[in-house]
2 protein chains.
Amino acid sequence: MKLGLLVADKPCSSFAAVFTRNAFPGHPVVLARQRMQQATMQGVVVNNKISNVGAPGGLQHAIELSAEASHLLDIPQDALFAASTGIIGWSLPVNDMKAAMPALVEGLGSLTAVDFAQAIMTTDRYPKLRCQTLGAGSILGVAKGAGMIEPNMGTMLVFIVTDIHIDRDLLQPLLSRVVEQTFNSISIDSDQSTSDMCMLFSSSMHHGVAVADFEAALIEVCKDLAADIVRNGEGTSHVLRCSVKGFGDLCRSAGKAIINSPLVKTAMYGNDPNVGRIVAALGDFWGNAGKSLDASALFIRLQGIEVMTRGVFHLDAKGEQQLSAALKQAAQDPAIGSFPEHEHFVDLEIELQGGAGQATVYGSDLGYEYVRENADYRS
Amino acid sequence: MKLGLLVADKPCSSFAAVFTRNAFPGHPVVLARQRMQQATMQGVVVNNKISNVGAPGGLQHAIELSAEASHLLDIPQDALFAASTGIIGWSLPVNDMKAAMPALVEGLGSLTAVDFAQAIMTTDRYPKLRCQTLGAGSILGVAKGAGMIEPNMGTMLVFIVTDIHIDRDLLQPLLSRVVEQTFNSISIDSDQSTSDMCMLFSSSMHHGVAVADFEAALIEVCKDLAADIVRNGEGTSHVLRCSVKGFGDLCRSAGKAIINSPLVKTAMYGNDPNVGRIVAALGDFWGNAGKSLDASALFIRLQGIEVMTRGVFHLDAKGEQQLSAALKQAAQDPAIGSFPEHEHFVDLEIELQGGAGQATVYGSDLGYEYVRENADYRS
């Protein structure tokens, strides 16, 4: 088990967080929701391997661990959040974790953000950090896990720090909006963890930055972290970027239905331009939403090549070979152990002409590595 | 490509059908919806390999093929439905199919229901027929495909014949009810084909059977066919039977969320009693439905062993070994090439005490075979 600790020099009066919507949240999420009511918070203590969900006495364990770290840091005992990721149902080894904390606290001064990003890594292939500067200040985001792409841990944890002041009243809705467009627009296998959280702390050192500018910079940080999360996952060889236009308020849901379709995902894995599966997944979602589809307005492009025009496919053997070659180009060798050598995407574009709305979602393919990772876990 | 033909001796004035809700239905589905308005129908002509969806001139092809078979049978040219299953987007080789029809029609007299069930097989491991007798009559059902378990074809086709008369006004709502409880309660990979259909024809030879008795017998036929469909699929080693109680109108949706969770499915494949994933999938669904969960009322059993009591897991190494052994017992060797040697299930029971509602859904695990089957298809 690894422990990570993120602490601001002083209490932060401006902080915000977005939590999983899972109706069976982990005990750290329950505790964090309570502590969001406080006037100030100062950081978070994180562990991996065991997620502290549905375990006997789990809430008390989260309280004890954050209190122990706070005690060693000489700050109020409720000044830290707790975050956990790992197996659901097991109990945390609280005493062992407490025993490891003095060394963690002592090391704080000599550690960097990269060290923190590495400390919360599990089977992540590389630490995930993204930074944007804005005037005199900056925004730094660190992420672990991969939604459910990294299902051993099954959790996405994102911690963002900034020295730019934004009023707390504005910061929370701002973070919620940004998360919707970024982390909530990725999906690896449609499972939402019990423990997902995204937290933002501001030291409020720099005032006077326009909120809109801050939001734009935060979107960049989070969008790149979100793509990193998808690209990072073990077993992912293709990152799907699906743009959906014209389906009104349901563009994002329609896109997720496509990137979550096991048939679409396995086809992409196999570099198989089986575009019929895209329209099947779209029609499945749209029909179950009770909507009818004017197929004559439907256009589909894969890697920039139009495969459906006004609801009719035009496929031939040569075109399919071209598409298959384009998919192979976009693949990432899952055997690469370090930072990915490229940032390719498989671009799916779905357009219903004459309709409103637009969304872009990110997903992964589904291959043998995903099964190996998830079926062989523990057993 | 294979062709199958199902024809009644005389026109049936009592028939019913349920079609895919996919908003991009195949051309045979579009044609069949039109012909459901007719006073009588007499049967269906079926092909595999190409599903006739989104193809240029596809509706005309379906009309031509059913007319050609009707012409050879000397019945009205619109007396047959058409059904197709296979790759989406390609065009049917209509002329070759017409050329094959005389032999098909000539062979009709010497063929049995088993022959028909075999004719519509694709990668099915065995023909799927189920029969119930009722008074002097009987109900015979034949199925192909496996929802999406057999994604090469990607389609479930079910044809049911009976010599028991039920008024057509009653037959359609009756079939719809039965399909909800049976075929619409299975899910292999959450993809709903563009071409799914379930049709029932009555020759009306035997009158006087009570509608409730007919419905009960039809449920038995369809429930067993539905389980066969899940069990049959290539790549399925565990059939999941998930019973959900106490979640009101959402019991079936909650159960589907669990059996469609890739993390639950891969765990079952690996004989891994990772029960935390069950509660994560349930909480994900329930939270996204905007509901809160009283965890203290939640009980979960796996293979009859209670793993969660009042919202708290009680797992230990010995218990997990027992569960893993029970999962291994329930596995079916996917290498078995013929009729399965057993009819085992993995039983998941989810109960929210004090709540209303109950549903049972059936699903499959997710293993290497599924990926192989779907990723290597065509490419």
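**Group meeting: two chains and their salt bridges**

Leaving out its sequence neighbours within four places, Glu215(A) is in contact with Leu174(A), Arg177(A) and Val178(A). I start with that residue and work outwards. Please keep in mind that this is a predicted model.

Where does Glu215(A) lie? It belongs to helix 6 of chain A, which covers residues 211-232. Is Glu215(A) buried or exposed? Its relative accessibility is 14%, and buried means under 20%, so Glu215(A) counts as buried.

Now the residue with that number in chain B. Glu215(B) makes a salt bridge with Arg177(B), and the closest N and O atoms are 2.7 Å apart. Glu215(B) sits in helix 6 of chain B and Arg177(B) in helix 5, residues 168-181, so this pair ties together parts 38 residues apart in sequence. With 13% relative accessibility, Glu215(B) is counted as buried. Arg177(B), at a relative accessible area of 40%, is partly exposed.

For anyone new to this, side chains of opposite charge can pair when their charged atoms come close.

Next, another pair in chain B. Glu180(B) and Arg252(B) meet through their side chains in a salt bridge, at 2.6 Å from N to O. This pair also links distant parts of the chain, with Glu180(B) in helix 5 and Arg252(B) in helix 7, residues 251-259, 72 residues apart. Glu180(B) has a relative accessible area of 28%, which makes it partly exposed. Arg252(B) is partly exposed as well, at 24%.

There is also a network to mention. Arg301(A), Glu306(A), Glu349(A) and Glu351(A) are joined into one network by salt bridges that share partners.

Back to helix 6 of chain A, for one more pair. How far apart are N and O in the salt bridge between Arg130(A) and Asp228(A)? The distance is 2.8 Å. Arg130(A) is in strand 5, residues 128-134, and Asp228(A) is in helix 6, so the pair links parts of chain A that are 98 residues apart. Asp228(A) is buried, at 3% relative accessibility. Arg130(A) is partly exposed, with a relative accessible area of 21%.

How many salt bridges does a search of the whole structure find? The search gives 22 over all chains. Between chain B and chain A, however, the count is zero.

That brings me to how the two chains sit together. In general, two copies of a chain are related by a rotation about an axis and a shift along it. Here, a turn of 180° and a shift of 0.0 Å along the axis lay chain B on chain A with an RMSD of 0.1 Å. This is the relation of a two-fold axis. Both copies use the same surface, since 100% of the contact residues of chain B recur in chain A. Which residue of chain B comes closest to the rotation axis? That is Tyr368(B), with its C-alpha at 2.9 Å.

How many residues does the contact take from each chain? It takes 61 from chain B and 61 from chain A. The area buried between the chains is about 4,600 Å², and carbon and sulfur atoms give 58% of that. On the chain B side, the residues that lose the most area to chain A are Phe24(B), Leu263(B) and Tyr368(B), together 14% of what that side buries. Tyr368(B) therefore appears twice in this talk, here and at the axis.

Two items remain, both in chain A. One is helix 3. Helix 3 runs over residues 94-107, which is 14 residues, and spans 20 Å from its first C-alpha to its last, close to the 20 Å expected. Where does helix 3 bend? The bend is at Met101(A), by about 30°, and a proline, Pro102(A), follows within four residues. Met101(A) is also one of the buried residues of this helix, alongside Val94(A), Met97(A), Leu104(A), Val105(A) and Gly107(A). What covers them includes strand 1 (3-12), strand 3 (41-47) and helix 2 (58-73) of chain A.

The other is Asp78(A), in the loop between helix 2 and strand 4 (80-84). At a relative accessible area of 32%, Asp78(A) is partly exposed. Beyond its neighbours within four places in sequence, Asp78(A) is in contact with Arg35(A), Gln38(A) and Met41(A). Asp78(A) and Arg35(A) are 43 residues apart in sequence, while their C-alpha atoms are 7.6 Å apart in space.

Key. Residues are numbered from 1 along each chain as its sequence is written. Chains are lettered from A and ligands numbered from 1 in the order in which they are written. This is a predicted model: local features need pLDDT of at least 70, side-chain atom pairs count only at pLDDT 80 or more; totals for chains, interfaces and linings use all residues. Side-chain values use heavy atoms; hydrogens and water are left out. Helices (H or I, at least four residues) and strands (E, at least two) are DSSP runs, numbered from the N terminus. The expected span of a helix is 1.5 Å times one less than its number of residues. The bend at a residue is the angle between axes fitted to the seven residues ending there and the seven starting there. Buried means under 20% relative accessible area, exposed over 50%, partly exposed in between (1.4 Å probe, protein chains only). Contact means heavy atoms within 4.5 Å. Copies are superposed by least squares on the C-alpha atoms of residues with pLDDT of at least 70 in both. Buried area is the accessible area (1.4 Å probe) that two parts lose on being put together, summed over both. A salt bridge is a side-chain nitrogen of Lys or Arg within 4 Å of a carboxyl oxygen of Asp or Glu.
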